[in-house]
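Please open the model in your viewer and keep the selection panel at hand. The tour below goes from one selection to the next and says at each stop what is to be found there.

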Amino acid sequence: MTGFGRGAASGEEFTVAVEIKTVNNRYLDIHLRLSQELSAIETIIRRRVSARLSRGRVDLNINFERTGTTTYEVNKPLIAGYVNALREIQQQFGLPGEIDVNSVARLPGALAPARDGLNNVNMEGLERALDEALNNLERMRESEGAALAAEMRVRVARIEAEVPVIEAAAAGLVDAYRQRLHKRISELIARGGQAIELDAGRLAQEVAYLADRSDITEELTRLRSHLEQFRSGLDANEEVGKRLDFLLQELNREANTVLAKSTEVSIKDAALAIKAEVEKLREQVQNVE
């Protein structure tokens with residue numbers, strides 16, 4: 001589910017700003033942008049985020065700055081290698097000149113802020129800023145989630161409206177099979193020019209066989225059960241994304257079975273309408289935790 005949150009904190013010698021953005025993803029995928037100073041606590045940050053979020057791509061940017069006097073570390077091996085290389089160039093090509101300290105200082109990586117590590121005050125400030133960003137993110141996601149749940153309930157109602165249509169059409173299937181089979185046999189007999197009396201018992205057996213093969217009572221019962229569970233999931237105050245995704249797979253399976261068993265046009269149309277709504281719900285469920 002999409003969302004954005006921002007948080008900030010400061011102390012006597014530091015400031016920290018946190019920005020977090022989420023977009024739809026089936027799984028939790030955390031991407032961090034941290035300064036080198038925070039790389040040591042990356043695992044702690046990931047754990048804190050995953051305790052609050054369970055799905056979505058998460059882009060987290062933390063900007064930590066020290067506001068007190070900054071001390072620098074000198075990268076002696078890097079500078080020594082640079083100076084030795086310059087002297088070698090001088091000797092080999094007979095070039096005049098002295099090594100300029102300003103040039104050495106501008107060498108990438110020659111000087112870096114001292115890594116003093118994060119103390120308890122720094123960590124508390126960082127955690128406050130991160131929690132504030134997560135709180136703002138969740139408020140935004142909750143607002144979007146309420147709108148999404150309302151739309152999904154509309155689609156569930158559309159699916160439920162198709163079930164009675166299928167039930168009504170299925171109730172007349174036995175008579176339809178009997179009439180269709182009787183008509184077909186009569187046509188074949190008339191074409192052959194033979195006066196043969198139809199065996200009512202045999203006809204009844206064939207009709208019963210066809211009716212049994214096309215019986216969708218169990219599928220409709222499971223459809224209603226899955227829809228009821230899906231609606232309950234939308235009202236639950238817990239992580240239900242994966243459960244709803246599973247229920248949609250089952251709804252799609254029952255609709256496919258109904259399609260395979262029936263040749264009645266009205267039943268097929270209703271089953272296809274169910275599949276279309278299920279597919280739209282599956283896209284939306286990817287946003288649900």
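Begin with the interior of this predicted model, where the largest cavity has a volume of about 30 Å³. A search of the whole structure finds one cavity of 30 Å³ or more, and that search result sets the first stop.

To bring its walls into view, select Ile44, Ile45, Arg48, Met123, Leu126, Glu127 and Leu130, which line the largest cavity. Colouring this selection by residue class gives five nonpolar, no polar and two charged residues in the lining. If you then colour by helix, H1 and H4 each supply at least two residues of this lining, and the largest share, four residues, comes from H4.

Next, show the two helices themselves, selecting residues 42-50 for H1 and residues 120-171 for H4. Their axes come within 11 Å and cross at roughly 30°. Because angles under 35 degrees count as roughly parallel, H1 is roughly parallel to H4. As for the handedness of this pair, H1 passes H4 in a right-handed crossing.

With both helices still displayed, add the side chains that make the contact: on H1 these are Ile45, Arg48 and Val49, and on H4 they are Glu127, Leu130, Asp131 and Leu134. By class, the contact of H1 with H4 has four nonpolar, no polar and three charged residues. It is worth comparing this selection with the previous one, since Ile45, Arg48, Glu127 and Leu130 belong to the contact and are also among the residues that line the largest cavity.

For the last stop, hide these helices and select residues 217-235, helix H7, together with residues 241-261, helix H8. Which way do H7 and H8 run relative to each other? They pack at an angle of about 160°, with their axes 10 Å apart, and since angles over 145 degrees count as roughly antiparallel, H7 and H8 are therefore roughly antiparallel to each other. The crossing of H7 and H8 is left-handed.

To display the contact between them, select Glu219, Arg222, Leu223, His226, Leu227, Gln229, Phe230, Gly233 and Leu234 in H7, and then Arg243, Leu244, Leu247, Leu248, Glu250, Leu251, Glu254, Thr257, Val258 and Lys261 in H8. Coloured by class, the residues of the contact of H7 with H8 divide into nine nonpolar, four polar and six charged.

Notes
Residues numbered from 1 in each chain as written. Predicted model: local features only at pLDDT ≥ 70, side-chain atom pairs only at ≥ 80, totals over all residues. Heavy atoms only, no water. Axes fitted to C-alpha atoms, helices over the stretch in contact; angles between N-to-C directions. Parallel < 35°, antiparallel > 145°, perpendicular 65-115°, else oblique. Left-handed = near helix turned anticlockwise from the far one by under 90°. Contact = heavy atoms within 4.5 Å. Nonpolar A, V, L, I, M, F, W, Y, C, P; charged D, E, K, R; others polar. 1 Å grid on protein atoms, 1.4 Å probe; cavity = no way out; pocket = protein on both sides within 12 Å on 5 of 7 lines; lining within 4 Å. Points joined across faces, edges and corners; volume = space filled by probe spheres on them.
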